[in-house]
Amino acid sequence: MSRAPRGFDARQQVSINAGWRFHLGNLVPPPAACPYGPDQGFPTNLAGQKCLYGWCGACPGLLPYEEGHASADACRAACCADSLCGAWQWMNETDGRNCWAGSSCINATKEPGYVGGARTLPSPASNHSSERAVPAAATPELDDSSWQVVDTPHDFVSYGAFARIGQEVDNSQGNLPKNVSWYRKHFRLPPSWNGSYVEVYVEGAYSVATYYLNGVLLGTHANGYTSAIWRLDTEVLHFDGITENVLAVFVDARMAHCTGWWYEGGGIFRKSYLIRSSRIRIPSHGVSVGVTVPKGGFSYRTLPRDGITVSSAVAEARVNVESDVASASTSASASASTSASQVAAAGEAVVAVVTFTVLDKAGKAVASHQASMTSLPAYIRAPVVMRNVEVWSIARPYLYTLTTTVYVGGVVADSVNTSFGVRSVLWSAAKGLLLNEQRVKIRGFCNHEN
């Protein structure tokens, strides 16, 4: 992830890894909260049918609930209280696996003795519907003082009890039952952040995570291996430095069997941040760099640790620039005395300039390029020509820094740093992997999860 240059205060990244309130399992309301019956709560009657469950060939299917449920009513109530549960089934099994639940029922077969029901869950497009109920655990009024305090990254599955012989648990997941959990982060924001663009950046929450801010649904991210980014600076965010904000995250790890055949865990298992930037900004993951190296231009020093050089290379810098200003094409630039925030507030047409500067390891500028934007938002691709280049290699992994800066009216609106290396990679059927035109053997093992 790109970072702000040192000394640039308009963009800030604040870690929120410490001090989360954690609750294992869902907060289940009394069964009366969800009326029982084939046409009440679960319109589709699954009596006499068995929904398949197991590996990904049957996903999404139904999996056994980790906690025992003594009756069909208890099983139905647990599914009803789960915002991600779309179907439930119950049968009086002698081994204790009585209750099954999941997002939907597919490939059902006739099986006497099963009872259950299904309902239609809100689609991802309706995540922001005001009609979707907000769980009590997502509201700022909830008293979570008795919850466990944890720091993220956090894997709640690894703290569970190992399955007993006979329990239907995937042994590739370490024989640890999956579950759901709630995380709540309390934080205050200073008045100086008011008027800024504010977002939360979660590197990974496994596997399906639903986010709420001060009791308002932000959305659901259904992949633990990709980052989730949610905008926070709405009317519900407090900037007075006194009133607490509450970010609540519901994490469901039960469908992890549909991703891989290795232990994956569950929870907010990567780092998370609050990011502040200006209204005219470079979004997260908004900068990328691709490098072209001339063929045959490498010079190898005496020892591998001394590195490799190349006479020239072209770094193609790519940047997205976003804005809350509805900007039309124009040739008139804003006054140099007008700040970017004033331009944004006035809603005027904006002309912006972006500069790309390449810094070496010592922080010295070695190449640059400038491009103009006649309207916003904009996407810019620019070639930055580099000379006498230090090459990234295994023995000497040399990195450059690309500083991307956006100016509006001569004032810096946003600026981020992005690390990159210069090297060539080629795969040949005859020679295998060629790194910087030298053959490299791949040594390693299949490590799915770190």
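Here are four short exercises on this predicted model, each with a worked solution.

**Exercise 1. Confidence first**

Task: Work out which elements have the lowest and the highest mean pLDDT, and where pLDDT falls under 50.

Solution:
- Start with the whole chain: the average pLDDT is 82, and 77% of the residues score at least 70.
- Now go element by element. Helix α2 (residues 340-346) comes out lowest with a mean of 41, while strand β10 (residues 148-150) is highest at 98.
- Next, look for weak stretches. Residues 54-61 stay under 50, and the model gives them 26 contacts beyond four places in sequence.
- Residues 327-348 are also below 50, with 38 contacts beyond near neighbours in sequence.
- A word on reading such regions: where pLDDT is low, don't read the predicted coordinates in detail.

**Exercise 2. Hunt for the disulfide**

Task: Find which cysteines form a disulfide, and say what parts of the chain the pair ties together.

Solution:
- Search the whole structure and you get one disulfide.
- The partners are cysteine 75 and cysteine 99, whose sulfur atoms sit 2.0 Å apart. For the cut-off, sulfur atoms within 2.5 Å count as a disulfide.
- Place them on the fold: cysteine 75 is in helix α1 (residues 72-80) and cysteine 99 is in strand β7 (residues 99-102), so the link ties together parts 24 residues apart in sequence.
- Check the handedness: the angle about the S-S bond is 75°, and the link is right-handed.
- Last, check exposure: cysteine 75 and cysteine 99 are both buried.

**Exercise 3. Helix α1 and its surroundings**

Task: Decide whether α1 is mostly covered or mostly open, and name what its buried residues pack against.

Solution:
- Count the buried positions: seven of the nine residues in α1, so to speak, are tucked away, and the helix is mostly covered.
- List them: Ala72, Cys75, Arg76, Ala77, Ala78, Cys79 and Cys80.
- Then look across from these residues: they pack against β6 (87-90), β7 and β9 (115-118).

**Exercise 4. The nonpolar cores**

Task: Find which residues touch the most other members of the largest nonpolar core, and which strands supply it.

Solution:
- The largest core has 36 residues; Phe356, Met373, Met386 and Val406 touch the most other members.
- At least two residues each come from β21 (308-323), β22 (352-359), β23 (365-373), β24 (378-391), β25 (400-408) and β26 (411-420).
- Zoom in on methionine 386. Leaving out neighbours within four places in sequence, its contacts include Ser311, Ala315, Val358, Ala367, Tyr400 and Phe420.
- Don't stop there: a second, separate core has 31 residues, among them Val157, Ala228, Leu237 and Leu274.

Key
Residues numbered from 1 in each chain as written. Predicted model: local features only at pLDDT ≥ 70, side-chain atom pairs only at ≥ 80, totals over all residues. Heavy atoms only, no water. Helix = DSSP H or I, 4+ residues; strand = E, 2+ residues; numbered from the N terminus. Buried < 20%, exposed > 50% of the residue type's maximum accessible area, 1.4 Å probe, protein only. Core = buried A, V, L, I, M, F, W, Y, C linked by side-chain atoms within 4.5 Å. Contact = heavy atoms within 4.5 Å. pLDDT = per-residue confidence, 0-100.
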